[in-house]
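Me: I'd like to learn how to read aromatic pairs and buried strands in a model. Can you walk me through it?
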Amino acid sequence: MTQYDSSPLIQAARQQKPSHIPVWFMRQAGRSLPEYFPVRGDGTILNAIQVPERAAEITLQPTRRYDVDAAILFSDIITPLWAIDFGIDITPGIGPTCEKPFRSEDDLQRLRPLDPSSDLAFQHDTIKILTEELTIPLIGFAGAPFTLATYMIEGKPSKTHHNTKSLMFSEPALWHKLCDALADIAIASLQAQIEAGASAVQLFDSWAGILHPQHYREFVFPHSQKILAALKSSGVPLFHFGTNTAELLDQFADAGADVVGVDWRTPLSAARQRTNNRVALQGNLDPSICHSPWPVVEQEVKRILNENDNTPGYIFNLGHGVQPTTNPDILAAIAKLVHSYGS
Ligand code: CP3
């Protein structure tokens with residue numbers, strides 16, 4: 001039980017009937033906001049994340065502009081791997097990069113267990129500042145083993161993920177050891193975020209949709225399931241998101257989350273059928289549509305809200321993160337429109 005049990009976000013996540021449809025935006029903080037850059041400074045995002053006052057300020061920035069129903073901690077999915085010195089970084093303009101990619105059994109030694117109280121002390125302090133300041137729930141998050149493994153194995157963002165698939169299929173035992181260690185890291189990081197005051201957590205498996213459902217079942221599902229099972233007793237709603245997951249939504253719902261994120265390629269009604277109403281849904285405006293004139297955006301938002309047809313267990317969001325070129329005024333108008341729906 002938390003102070004936000006009766007907030008629209010938490011109620012919708014539990015498939016209860018909220019007073020209005022809740023809305024937040026994945027990647028609502030960061031590069032789409034002009035006020036982000038002076039706070040981040042000249043360093044990389046990881047430098048800003050390490051300083052609690054700066055990370056807290058960047059987390060709060062979108063909540064001042066938009067009438068959103070949640071804040072999301074300003075961090076990155078690679079933060080825990082960086083904190084244990086695996087040798088991964090964020091290169092501006094590229095994304096996560098790894099000079100010595102994970103390729104063999106020996107590399108497991110670079111993956112020591114995470115001790116959040118020392119490795120992620122800055123994250124604890126950031127959340128403490130935020131829980132004082134915020135009047136809406138704070139969402140914590142972690143990267144799921146598959147998506148983290150793609151960055152560790154490829155060494156940089158990849159379109160084909162050849163190296164990841166090659167390791168997965170040719171060395172399944174090593175693959176499972178890697179994912180098991182990554183699951184333990186995600187569990188430790190998420191438990192620490194919840195203990196510090198996060199009211200919900202989201203497990204990002206952004207790239208899992210590149211897999212055939214049978215391969216997902218064998219190589220990915222058990223590890224995501226382990227993470228979600230470990231967090232169940234915390235009592236906070238668990239969100240699980242990926243892109244290109246149309247054929248995986250049933251398994252995403254089975255893995256143990258309360259809320260499953262849907263990208264814009266799958267109609268909400270199809271997602272409801274595939275998940276058989278077992279979970280709440282979150283999504284799914286195409287983030288690119290935010291670059292269109294307002295009447296186009298308005299029509300699309302209304303189409304999605306009408307498609308949901310006031311089914312409880314629904315949280316409005318984009319189908320993937322806010323793009324850096326998005327005009328913040330459009331997001332502000334979307335939040336307002338979602339809140340006024342049906343009233
Ligand atoms: O949502 C939020 O507002 C919280 C902040 C957040 C960041 N990364 C900040 C960030 C969150 C939730 C993430 C998650 C994340 N990081 C994911 C999963 C979500 C998704 O979009 O699929 C992934 C795959 C990453 C890995 C990553 N980190 C990428 C692909 C990039 C972008 C590289 C680039 O420059 O285009 C990053 C860097 C990053 N993470 C930035 C921000 C604001 C940009 C760097 C900067 O502005 O300093």
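**Rings and a strand**

Reply: Let's start with one ring: Phe-122 is buried, at a relative accessible area of 12% (buried is under 20%, exposed over 50%, partly exposed in between, with a 1.4 Å probe and protein chains only). This is a predicted model, where local features need pLDDT of at least 70, side-chain atom pairs count only at pLDDT 80 or more, and totals for chains, interfaces and linings use all residues. Residues are numbered from 1 along each chain as its sequence is written, and side-chain values use heavy atoms, leaving out hydrogens and water.

Me: How many aromatic pairs does a search of the whole structure find?

Reply: A pair of aromatic rings is described by the distance of the centres and the angle of the planes. Here the search gives 9 pairs (Phe, Tyr or six-membered Trp rings, centres within 6.5 Å; planes under 30 degrees apart are stacked, over 60 edge-to-face, the rest tilted). Trp-82 and Phe-122 have centres 6.2 Å apart and planes at 65 degrees, so they are edge-to-face.

Me: Which strand is largely enclosed by the rest of the structure?

Reply: That's S4, residues 138-143 (strands are DSSP runs of E, at least two residues, numbered from the N terminus). 6 of its 6 residues are buried.

Me: Which strands pair with S4 in the parallel sense?

Reply: Pairing takes at least two DSSP bridges between two strands. S1 (residues 71-72) runs parallel to S4 over 2 bridges, with Ala-71 opposite Leu-138. S5 (residues 200-204) is also parallel to S4, joined by 5 bridges, and Ile-139 has Ala-200 as its bridge partner there.

How values were computed:
Helix = DSSP H or I, 4+ residues; strand = E, 2+ residues; numbered from the N terminus.
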